[in-house]
Amino acid sequence: GGRQSKNGGSDIVVVNQDPSCNDKSKDPTKKSFTKLQPLLQHSASFGILASDHAALRQLNPRHIIELFTVYEEHLRQSSVVVAEEQTQLSRSIKHADQSVAQILAVTEKKHNVYSVWSNNIQSSVREINQQLADISTVVEGLVPLVNELNQSLAVDERMPPFTQSEDPQ
């Protein structure tokens, strides 16, 4: 039978249990329809179903249950597929994470080795630059001494004056 809904004036179909079936828990029709009933009520309250609720009264509960059983199986299979895909995706992400971690570890090792090499090269370059600066200072000090020695020689034995030049030839 039907009854008046409080939330919009819609008729709600209520299917009563067959009196011949005393154990509610063993009647799959009643058990499944109790899950379906809120959906039908919701649909009726939003006008999804026809405003003429005679069609609702004519629905065969067994057919509705079969339809929703097929839906339920489809959703179950879909959830299994989604769960399997999520598991595979999770494995792929873990594998990618491990690969990235390995690459990062190798990169860090190479960075440390190259850093040591770079520091060694920089230290060597600084040392060579200091040695060149020292040599330049010594040469700058030698040029006046060589010119002084050259002046002390006899005129016919003298060399042209020495100068410190940037262009080596």
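This section describes the fold, confidence, surface and one long helix of a predicted model.

The protein comprises three helices and two strands. Read from the N terminus, these elements follow the order β-β-α-α-α. The two strands thus precede the helices in the order of elements. Of the contacts between residues at least 6 apart in sequence, 40% link residues at least 24 apart.

Confidence varies along the chain. The mean pLDDT of the protein is 77, and 64% of the residues reach at least 70. Helix H3 has the highest confidence, at 93. Strand E1, residues 2-4, has the lowest, with a mean of 43. Over residues 1-25, pLDDT stays under 50. For this segment the model contains 37 contacts beyond four places in sequence.

Burial and surface were computed for the whole protein. Its 169 residues include 11% that are buried. The exposed area is about 14,000 Å². Carbon and sulfur atoms contribute 58% of that area.

Helix H3 covers residues 61-152. Its length can be checked against its residue count. At 1.5 Å a residue, its 92 residues should span 136 Å. The C-alpha atoms at its ends lie 131 Å apart, which agrees with the expected span. The buried residues of H3 are Ile64, Ile65, Val143, Asn147 and Asn150.

Asn150 belongs to H3. Its relative accessibility is 6%, and the cut-off for burial is under 20%, so Asn150 counts as buried. Beyond four places in sequence, Asn150 touches Arg158, Met159, Pro160 and Pro161. These contact partners carry higher residue numbers than the end of H3 at residue 152.

Ile121 is also located in H3. Its relative accessible area is 55%, and exposure requires over 50%, so Ile121 is classed as exposed. Ile121 is one of the residues in a nonpolar surface patch. The other members are Val113, Tyr114, Val116, Trp117 and Val125. Together, the patch residues have about 600 Å² of accessible area.

H3 therefore holds both classes of residue: Asn150 is buried at 6% relative accessibility, whereas Ile121 is exposed at 55%.

Terms used. Residues are numbered from 1 along each chain as its sequence is written. This is a predicted model: local features need pLDDT of at least 70, side-chain atom pairs count only at pLDDT 80 or more; totals for chains, interfaces and linings use all residues. Side-chain values use heavy atoms; hydrogens and water are left out. Helices (H or I, at least four residues) and strands (E, at least two) are DSSP runs, numbered from the N terminus. Buried means under 20% relative accessible area, exposed over 50%, partly exposed in between (1.4 Å probe, protein chains only). Contact means heavy atoms within 4.5 Å. Accessible areas come from the Shrake-Rupley method with a 1.4 Å probe; for residues, only the protein chains shown count as cover. Patches are made of residues with over 30% relative accessible area and no salt bridge: like charges are joined within 9 Å, nonpolar side chains (Val, Leu, Ile, Met, Phe, Trp, Tyr) within 5 Å. A salt bridge is a side-chain nitrogen of Lys or Arg within 4 Å of a carboxyl oxygen of Asp or Glu. The expected span of a helix is 1.5 Å times one less than its number of residues. pLDDT is the predictor's confidence in each residue, from 0 to 100.
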